[in-house]
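Thanks, everyone. Please look at the screen, and we will walk through this one quickly.

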Amino acid sequence: MQRYQGQTVAFLTQHGKESLVRPVLEPALGCTVQRAEGYDTDLLGTFSGEVKRIEGQLQTARTKARLGMQLLGTPLGMGSEGAVVPDPFGGLMPWNIELLVWLDDAHQIEVVGMAQGPARSLHRGLRSWPELERFAREAGFPEHHLVLRPQSEDDPRTRKGLCEWTGLERAFEACQREAHNQMVYAENDHRAFGSPTRQAMIVRAAADLLQKLQSTCPQCTLPGFTVSGHTPGLPCRLCGLPTRLARAYTWRCASCGHHRDEPVRQAHADPGRCDHCNP
């Protein structure tokens with residue numbers, strides 16, 4: 001893609017995300033993703049709760065992109081922000097949502113890449129080393145790092161970046177000495193460098209961002225011509241009644257507003273997805 005050939009993209013991150021997105025974006029776009037330094041992104045919020053995230057996930061990613069652009073003096077910037085929330089289906093399992101925001105001031109456009117799926121996110125109160133050993137294995141340790149804190153799940157005295165057994169045991173003993181109730185709370189460390197599950201999701205978000213950057217508007221030719229919604233009503237193959245499945249998808253340009261509806265390729269929905277045949 002010639003539009004970004006030879007250009008520098010500022011990426012403000014302190015948790016190693018640049019090594020995840022570079023192999024996806026640089027070869028395809030011809031750009032250089034340069035890590036911006038000089039701002040502590042933990043000031044915008046931490047997974048472990050010491051700093052509450054004030055802005056929403058998307059706005060926080062925008063803020064990071066803008067800060068990186070200011071630090072490097074570039075018209076191109078990228079910001080990443082992750083969240084671990086209850087799953088959108090039943091709310092019973094942890095769910096990871098990763099956003100990558102691309103800002104292009106030269107063309108006044110914003111493109112957002114996203115990926116989501118199950119997260120590795122366990123937390124538990126413990127009072128013995130054997131309990132912690134069992135928990136750590138369930139949590140994917142040592143590949144997935146852990147955080148320990150004494151006393152309660154809200155205690156701000158965290159030990160982070162625990163990634164080997166000896167250090168984990170020492171941190172557990174220290175936390176237990178600090179806890180009046182002998183309780184130690186353990187949880188997954190969700191910072192990107194310590195969470196292979198998040199790393200894989202960030203790579204997927206980068207791939208989604210690339211696909212959108214390579215999808216240009218047929219009217220104004222700017223990147224980001226993507227699906228913005230759908231029209232339900234694909235007819236059931238058995239009874240012919242409309243289902244909730246999409247019969248067409250709407251593609252829209254975020255820059256000029258040009259849009260078009262594209263019918264789906266399949267002619268009918270499976271009866272198993274029909275509210276009349278399968279109530």
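First, a naming rule. When I say helix or strand, I mean a DSSP run, H or I over at least four residues for a helix and E over at least two for a strand, numbered from the N terminus. By that numbering, Pro 142 sits in the loop between helix 3, residues 129-138, and strand 7. Keep in mind that this is a predicted model.

Stay with Pro 142 for a moment. Which peptide bond is cis? The one from Phe 141 to Pro 142, with omega near 5 degrees. As background, most peptide bonds are trans, and most residues other than glycine have a negative phi.

Now the overview. The protein chain has five helices and 12 strands. Its C-alpha trace spans about 65 × 55 × 30 Å along the principal axes. Of its 279 residues, 43% count as buried. Take the contacts with a separation of 6 or more: 59% of them join residues 24 or more positions apart.

Next, the cores. The largest nonpolar core holds 25 residues. Val 21, Leu 25, Met 78, Leu 100, Trp 102 and Leu 209 have the most contacts inside it. Which elements supply at least two residues each? They are strand 1 (8-12), helix 1 (18-29), strand 3 (76-86), strand 4 (94-104), strand 5 (109-118) and helix 5 (196-213). Helix 5 gives the most, with seven residues. Apart from this core lies another, of 16 residues. Leu 126, Trp 129, Ala 136 and Ala 171 are among them.

Back to Leu 25 in the largest core. Leave out residues up to four places away in sequence, and Leu 25 touches Gly 30, Cys 31, Met 78, Trp 102, Ala 206, Leu 209 and Leu 210.

That takes us to helix 1. It has 12 residues. From first C-alpha to last it reaches 15 Å, close to the 16 Å expected at 1.5 Å a residue. Its buried residues are Glu 18, Leu 20, Val 21, Leu 25 and Leu 29. Why do they count as being on the same side of helix 1? Because they cover an arc of only 140 degrees around the axis. In general, an α-helix has 3.6 residues a turn, so residues three or four places apart point the same way. The face of helix 1 turned away from the buried side carries exposed Pro 23 and Pro 27. And the cover over the buried residues of helix 1? It includes strand 1, strand 2 (32-36), strand 3, strand 4 and helix 5. Just after helix 1 comes Gly 30, with a positive phi near 75 degrees.

Now strand 7, residues 146-150. Five of its five residues are buried, so strand 7 is largely enclosed by the rest of the structure. In a regular strand, side chains alternate between the two faces of the sheet. Here Leu 146, Leu 148 and Pro 150 point one way, Val 147 and Arg 149 the other, and all are buried. What about its partners? Strand 7 pairs antiparallel with strand 8, residues 159-162, over two bridges. It also runs antiparallel to strand 9, residues 184-188, joined by five bridges. Leu 146 has a partner in each: Leu 162 in strand 8, and Asn 188 in strand 9.

Two backbone oddities next. Gln 108 is not a glycine, yet has a positive phi of about 55 degrees. It lies in the loop between strand 4 and strand 5. With a relative accessible area of 62%, Gln 108 is exposed. Thr 221 is no glycine either, and its phi is positive at about 70 degrees. Thr 221 lies in the loop between helix 5 and strand 10 (225-232). At 45% relative accessibility, Thr 221 counts as partly exposed.

Last, the cysteines. How many disulfides are there? Zero, by the rule used here. That rule asks for two cysteine sulfurs within 2.5 Å. Cys 256 is in no disulfide, and its nearest cysteine sulfur, on Cys 217, is 3.7 Å away. Cys 277 is in none either, with the sulfur of Cys 239 nearest, 3.7 Å away. Both cysteines at issue reach the surface category in between: Cys 256 is partly exposed at 36%, and Cys 277 is partly exposed at 30%.

That is the tour. Questions, please.

Methods. Residues are numbered from 1 along each chain as its sequence is written. This is a predicted model: local features need pLDDT of at least 70, side-chain atom pairs count only at pLDDT 80 or more; totals for chains, interfaces and linings use all residues. Side-chain values use heavy atoms; hydrogens and water are left out. A nonpolar core is a set of buried Ala, Val, Leu, Ile, Met, Phe, Trp, Tyr and Cys residues joined through side-chain atoms within 4.5 Å. Buried means under 20% relative accessible area, exposed over 50%, partly exposed in between (1.4 Å probe, protein chains only). Contact means heavy atoms within 4.5 Å. The expected span of a helix is 1.5 Å times one less than its number of residues. The arc is that of the directions from the helix axis to the C-beta atoms. Two strands pair if DSSP finds at least two bridges between them.
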